[in-house]
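Colleague: Hi! Could you walk me through this one? I'll just fire off questions as they come.
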Amino acid sequence: MAAATRALLIVDVQNDFTEGGALGVRGGAAVAAGVTQLLGDDPERYGLVVASRDWHHGDDTNGGHFADGAEPDYVETWPVHCVADTLGAEYHPALDASLIDVHVKKGQGVPAYSAFEGTLADGSTLADELARRGIDEVDVVGIATDYCVRASALDALRGGRRVRILTSLIAGVAPESSTAALAELAAAGAVLV
């Protein structure tokens with residue numbers, strides 16, 4: 001498979017989703033370091049490297065995504081996290097951002113789990129960019145397996161792309177929901193590598 005037609009999609013490897021962050025998951029820092037190593041070991045492996053970030057407003061609930069004066073239910077509502085232009089929203093320091101070609105910001109005032117719901121700096125979408133570059137295969141890595149990795153991979157599949165999940169480079173919120181997400185992705189046509 002030619003590297004030119006395959007992209008790496010790095011989902012939400014941000015400080016708030018790694019250990020010590022507002023919604024930190026176990027293994028998040030290792031994912032950041034592992035992705036950097038993957039790209040460093042073979043810089044020509046991918047025709048495009050894309051990374052998404054939650055990039056929420058800090059002065060509202062982001063369409064009900066942030067729990068407002070109540071305890072978060074951790075399904076629909078969440079503690080404040082990944083507020084735009086804060087340390088929590090930045091990439092984890094072990095992820096070498098210089099290796100990323102395209103940056104996607106999502107959740108700007110609304111709940112958004114999939115990288116395909118976000119926008120690039122020019123206002124275009126990830127689907128637009130993949131089509132423009134002739135990318136039809138996507139390897140997905142990142143955080144969290146059971147939420148944003150799942151949603152992003154499902155949207156890539158719905159867009160007609162071949163999808164592989166690099167299982168050594170993902171981290172989830174909970175073991176049960178992460179296992180269920182991987183089973184759902186495999187059933188939808190993703191290859192677990």
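Colleague: Is N62 buried or exposed?
Modeller: N62 is buried, as its relative accessible area is 0%; buried means under 20% relative accessible area, exposed over 50% and partly exposed in between, with a 1.4 Å probe and protein chains only. Keep in mind that this is a predicted model, where local features need pLDDT of at least 70 and side-chain atom pairs count only at pLDDT 80 or more, while totals for chains, interfaces and linings use all residues. Residues are numbered from 1 along each chain as its sequence is written, and side-chain values use heavy atoms, with hydrogens and water left out.

Colleague: Thanks! Where does N62 lie?
Modeller: In the loop between strand 2 (48-54) and strand 3 (102-106). Helices (H or I, at least four residues) and strands (E, at least two) are DSSP runs, numbered from the N terminus. N62 is not a glycine, yet its phi is positive, near 55°.

Colleague: And what is phi of C82?
Modeller: It is near 50°, a positive value in a residue other than glycine. C82 is found in the loop between strand 2 and strand 3.

Colleague: OK, cysteines then. How many disulfides does the structure hold?
Modeller: Zero, where a disulfide is a pair of cysteine sulfur atoms within 2.5 Å. For C82, the nearest cysteine sulfur is that of C148, 8.8 Å away. C82 counts as buried at 0% relative accessibility, and C148 is buried with a relative accessible area of 6%.

Colleague: New topic: which peptide bond is cis?
Modeller: The one from I143 to A144 is cis, with omega near -10°. A144 sits in the loop between strand 4 (137-143) and helix 3.

Colleague: What is I143 in contact with?
Modeller: T18 is one contact of I143, taking contact as heavy atoms within 4.5 Å. Leaving aside neighbours within four places in sequence, T18 also touches G24, V25, G28, A29 and H92. T18 lies in the loop between strand 1 (6-11) and helix 1 (28-41) and counts as buried at 2% relative accessibility.

Colleague: Last one: how do the axes of helix 3 and helix 4 cross?
Modeller: At roughly 5°, coming within 9 Å, for helix 3 (residues 145-158) and helix 4 (residues 175-188). Axes are lines fitted to C-alpha atoms, for helices over the stretch in contact, and angles run from 0 to 180 degrees between N-to-C directions. The two helices are therefore roughly parallel to each other, the label for angles under 35 degrees (over 145 is roughly antiparallel, 65 to 115 roughly perpendicular and the rest oblique).
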